[in-house]
Amino acid sequence: MFKLSAPVFLATLSCAAFVAAADLPASRPVPGGIAVLALDGDERPVARYDGKRVMVIGDPGNWSAVVGLPLSAKPGQHALEVERHGFREVRNFEVKDKQYTVQRVTIADDRKVNPPPEDMKRIERETVTLDAAKASWSDVPAPPLALALPVKGEWSAAFGLRRVFNDQPRQPHSGIDIAAPEGIPVLAPAAGRVVNTGEYFFNGNTVFIEHGQGLITMYCHLSRIDVERGAEIAAGELIGAVGHTGRATAPHLHWGVILNGASVDPALFLQARE
Ligand SMILES: [Zn+2]
C-alpha cells in the first residue's frame, strides 16, 4: 500500500506548488514593486517588513513572502523579519533602482494644488482615515493574486510618475489612471471585503477593498459608490461608476493596489490585460 500511495502523494504536492507559482506575481524588487522571497518551515511563518505584517502564501515547506515596496524605498539592502515558533531571523534582500518619468499636470483649481488652511485640516483628518484603510488585514490563507482590470479603457497615466502640479513637485502617482466615460461601471477585480468608503479631498468618492493578508485595492474619483462598508463582495461585482470627483481633470478611474501598506504597481497583478 505504501509503495502505491507515495507517488500519488508526491504528485499532489507538485501540483499544489505549480498552482501557487502560477498565481504568484513576478518578483520586481524595485521602489513601487514587489519582492517575492521563498521561505521554508512546516507552519506558515509570520513575516514583517518595516514593522508591518507581510503576505505569506504557499504550502508547508514551500512558502513565499510577497513584500510590497513603497515608491520611497531606497535602492540597497532591505530586511524581512521572519518569525517561526517564536524564533526571529532576518532575511536580507536587495532593492534595485528604478527611475520613473516626470509628468507635468496643470490643475485649473489651484485649491487642489495649494489647499488653504481650512482644507489642510480636512486633508490631515482624511490622511488618518486613509492610512487606517490601507493598513487593513484579514488572515485569508490564499488571497487572490490575479486581478482583473476593474474598468476597460485607455491607461492615461502610469504608476509611479513623478508628478509636478502647476510647476510644483507633489507625491508620485500611486496607482494607474484608466480613462473611461463618466458613469461606466467599475467592477471588483477579485473577491474581498469593503473596508472603507468615503468622499475625500483629493481622491473624491473612494472605495477600498481588502482581498486578504493586506492586499488592498482602491478606487478613486467615482461618480457613484454602489457598495457599503463591511460588505463581502465577489469578483466582478459592481463597486461604483467612473467619475471625476476630487482632484481630477477628466473622468477616469484611479486604481491603486496596496500591499503591506505600500502602494505598488497594479500591473504586477494583472494576468490578462486587454
Ligand atoms: Zn491617478
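## A first look at the chain

His221 is a buried residue, since its relative accessible area of 5% falls under the 20% cut-off. You'll find His221 in strand β15, which covers residues 215-222. Its backbone has a quirk too: phi of His221 is near 65 degrees, a positive value in a residue that isn't glycine. Keep in mind as you look around that this is a predicted model.

Asn166 shows a positive phi as well, near 45 degrees, and again the residue is not a glycine. Asn166 sits in the loop between β9 (162-165) and β10 (168-169). With a relative accessible area of 19%, Asn166 counts as buried because the cut-off is under 20%.

Now step back to the chain as a whole. It has two helices and 20 strands. Along the principal axes, the C-alpha atoms fill a box of roughly 75 × 40 × 30 Å. How does the radius of gyration fit a compact globule? For 274 residues such a globule would have a value near 19 Å, and the chain has 20 Å, which agrees.

Buried residues account for 45% of the 274 residues. The chain exposes about 13900 Å², and 55% of that comes from carbon and sulfur atoms. As for contacts, take those between residues at least 6 apart in sequence: 67% of them join residues at least 24 apart.

Next, the metal. Which residues coordinate the zinc ion? They are His173 through NE2, Asp177 through OD and His254 through ND1, at 1.9 to 2.1 Å. Along the chain, these donors follow the spacing H-x3-D-x76-H. Asp177 belongs to strand β11 (residues 176-179) and His254 to strand β19 (residues 252-259), so this pair links distant parts of the chain, 77 residues apart.

Is Asp177 buried or exposed? Asp177 counts as buried, at 6% relative accessibility. His254 is buried too, with a relative accessible area of 8%.

On to the aromatic residues. The structure holds three aromatic pairs. A pair of rings is described by how far apart the centres are and by the angle of the planes. Here are two of the pairs:

| Pair | Centre distance | Plane angle | Kind |
|---|---|---|---|
| Tyr49 and Phe93 | 5.9 Å | 50 degrees | tilted |
| Phe201 and Phe202 | 4.9 Å | 85 degrees | edge-to-face |

Tyr49 comes from strand β2 (residues 46-49) and Phe93 from strand β6 (residues 87-95), so their pairing ties together parts that are 44 residues apart in sequence. Tyr49 is buried at 6% relative accessibility, and Phe93 is buried at 7%.

Why is the pair of Phe201 and Phe202 edge-to-face? Their planes stand at 85 degrees, and anything over 60 counts as edge-to-face. Phe201 is buried, with a relative accessible area of 3%, whereas Phe202 is partly exposed at 25%.

Phe201 has another partner as well: the charged end of Lys112 sits over its ring, 4.1 Å from the centre. There's a charge-over-ring arrangement elsewhere too, where Arg247 lies over the face of Phe165, at 4.0 Å from the ring centre. Phe165 brings us back to the stretch we met earlier, as strand β9 covers 162-165 and the loop that holds Asn166 comes between β9 and β10.

Definitions and conventions: Residues are numbered from 1 along each chain as its sequence is written. This is a predicted model: local features need pLDDT of at least 70, side-chain atom pairs count only at pLDDT 80 or more; totals for chains, interfaces and linings use all residues. Side-chain values use heavy atoms; hydrogens and water are left out. Donors are N, O and S atoms within 2.8 Å of the metal (3.2 Å for Na, K and Ca); water is not among the atoms, so sites may look incomplete. Helices (H or I, at least four residues) and strands (E, at least two) are DSSP runs, numbered from the N terminus. Buried means under 20% relative accessible area, exposed over 50%, partly exposed in between (1.4 Å probe, protein chains only). Rings of Phe, Tyr and Trp (its six-membered ring) pair if their centres lie within 6.5 Å; planes under 30 degrees apart count as stacked, over 60 as edge-to-face and the rest as tilted. A charge sits over a ring if NZ of Lys or CZ of Arg is within 6 Å of the ring centre and within 35 degrees of the ring normal. The radius of gyration is taken over C-alpha atoms; the globule rule is 2.2 Å times the number of residues to the power 0.38. Contact means heavy atoms within 4.5 Å. Accessible areas come from the Shrake-Rupley method with a 1.4 Å probe; for residues, only the protein chains shown count as cover.
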